[in-house]
Amino acid sequence: MQGTAAPRSQDGRPRPWHPRSWRAPLQRTWARHPQLGLALRAAIAATIAWALTQFLPGPAQEYPYYAPFGAVIATSTTLAGSARSAAQSVAAIALGAAVALATDALPVPIAARIGIVVSIGVLLAGWHRLGSSGSWVTTSALFVLIIGGGDPVDYVLGYAGLTFFGALIGTAVLAVFPPLPLAPSQTELGRLRDLLAAQLEDLADGLQQEHPPTEDEWRERIHTIDPVLARMRAAVQQIDEARRGNRRARRHQQDAERQYAQARALERLTLMIEDLTQLIAETETADLSHVALGPSLRPSAAEALTGLADVLRSVDGATADPDTTRGAYADLHALEAELRRARRHTDDDLFAASSIALAIRRCLAAVVPEELAEEEAPD
């Protein structure tokens with residue numbers, strides 16, 4: 001396998017290496033893997049929190065490790081998420097500490113006090129306002145009761161206070177370097193498009209067989225779309241949350257809005273393709289005495305499905321390839337023409353076949369309306 005040739009200038013001589021030449025691939029890697037940025041921000045916040053505790057008096061000198069702990073639990077993939085996580089975690093820790101202090105005053109053995117704080121902590125952990133941080137109620141209560149048993153008030157000040165201090169630093173680091181994960185959401189949009197295209201290609205392949213597939217064979221060709229759709233929704237929702245309080249959001253507003261529009265269009269298209277898949281699988285099976293398409297219409301329907309799949313795979317950014325789109329509409333027109341000819345030679349109404357053609361048209365129009373495809377045609 002040959003190596004990559006060094007870039008050359010117009011006169012044929014190798015171009016000198018420039019310090020900026022490594023930035024593009026590094027920036028792409030950074031954008032596609034937000035966990036790298038999250039790890040770096042968490043490390044910066046934890047380091048700053050630890051360093052600043054050295055200048056704090058009192059309990060901070062006894063429990064300095066709680067400051068970087070607070071910085072880490074407050075670091076999230078979005079600024080709004082970081083602030084929410086910080087508030088929920090500190091609230092849960094403070095609530096658990098209050099439960100432990102109140103229980104510690106009871107004239108019962110330590111074993112009984114542990115049982116009391118655990119039972120109360122587990123009940124309070126289900127409070128919806130604490131979110132995923134609810135488990136810290138029980139953890140905090142046990143820490144205060146057992147570790148801080150000798151001087152619980154100072155321990156609470158060190159534990160809750162330093163955790164809150166570190167959480168503020170973690171949130172501040174994200175405010176200075178706010179993430180805006182546009183690349184991961186674009187990746188999820190592409191994955192959903194590819195899966196929908198694969199579903200259409202499997203339908204087309206089924207129609208290209210000599211005999212229509214059986215019900216079980218169609219079932220094997222139906223893809224599971226819901227998990228990919230859910231990941232796409234989560235990624236786009238994360239963009240919406242990441243824009244809140246984000247100083248970079250205005251600069252990338254058009255990119256974000258374009259992704260929202262793509263997500264909405266893909267959600268609608270997913271429902272249409274699922275309905276189309278169900279329609280073909282129910283009306284064009286070997287188990288039926290009368291199928292929807294039959295040998296005369298199956299090839300044209302398969303071509304139309306393949307054309308729609310090609311359009312989805314040709315999408316780059318917000319637009320599909322014009323030539324591919326026009327080819328897909330030509331395949332659809334051929335199917336509709338075959339339907340008109342078939343009506344002239346049969347007494348059947350071909351209702352199911354017409355429904356399949358209409359469903360393909362609706363799916364194609366959801367990606368690129370026909371009038372836009374015609375406008376992009378070369379003169």
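## Threonine 283 at the end of helix 11

Threonine 283 is found in helix 11, which covers residues 253-283. In this predicted model, the residue has a relative accessibility of 17%. Buried means under 20% relative accessible area, so threonine 283 counts as buried.

What does the side chain of threonine 283 reach? Its partner is the backbone oxygen of leucine 279, at 2.7 Å. Leaving out residues up to four places away in sequence, threonine 283 also touches Leu288, Val291, Ala292, Ala352 and Ile356.

## Leucine 297 in helix 12

Let's move along to helix 12, made of residues 294-314, where leucine 297 lies. Is leucine 297 buried or exposed? With a relative accessible area of 1%, leucine 297 is buried.

Some of its company comes from further along the chain. Leucine 297 and leucine 335 are 38 residues apart in sequence, and their C-alpha atoms are separated by 7.2 Å. Leu335 is also one of the residues that leucine 297 touches, together with Glu338, Leu339 and Ala353, when residues up to four places away in sequence are not counted.

## Glutamine 199 in helix 8

Next, have a look at helix 8, which takes in residues 182-207 and holds glutamine 199. The relative accessible area of glutamine 199 is 2%, and the residue is buried.

Which residues are in contact with glutamine 199, once neighbours within four places in sequence are set aside? They are Arg221, Ile222, His223, Ile273 and Thr277. Of the helices already visited, helix 11 spans residues 253-283, and both Ile273 and Thr277 carry numbers inside that range.

## A nonpolar patch on the surface

Now for the outside of the protein. Leu40, Ile44, Ile48, Leu52 and Phe55 make a nonpolar surface patch of about 460 Å².

Leucine 52, one member of this patch, has its place in helix 2, residues 34-53. Its relative accessibility is 37%. Partly exposed covers values from 20% to 50%, which is why leucine 52 counts as partly exposed.

## The protein as a whole

Stepping back, how many helices and strands does the protein have? Its secondary structure comes to 15 helices and zero strands. The protein has 379 residues, of which 42% count as buried; glutamine 199, leucine 297 and threonine 283 are among them.

Contacts often link distant parts of the sequence: among those between residues at least 6 apart, 75% join residues at least 24 apart. As for the surface, the protein exposes about 20,700 Å², and carbon and sulfur atoms supply 57% of that area.

Key:
Residues numbered from 1 in each chain as written. Predicted model: local features only at pLDDT ≥ 70, side-chain atom pairs only at ≥ 80, totals over all residues. Heavy atoms only, no water. Helix = DSSP H or I, 4+ residues; strand = E, 2+ residues; numbered from the N terminus. Buried < 20%, exposed > 50% of the residue type's maximum accessible area, 1.4 Å probe, protein only. Contact = heavy atoms within 4.5 Å. Patch = residues over 30% accessible without salt bridge, like charges linked within 9 Å, V, L, I, M, F, W, Y side chains within 5 Å. Areas by Shrake-Rupley, 256 points an atom, 1.4 Å probe, with all protein chains shown as cover. Salt bridge = Lys/Arg side-chain N within 4 Å of Asp/Glu carboxyl O. Polar contact = N/O pair within 3.5 Å; in protein donor to acceptor, adjacent residues only side chain to side chain.
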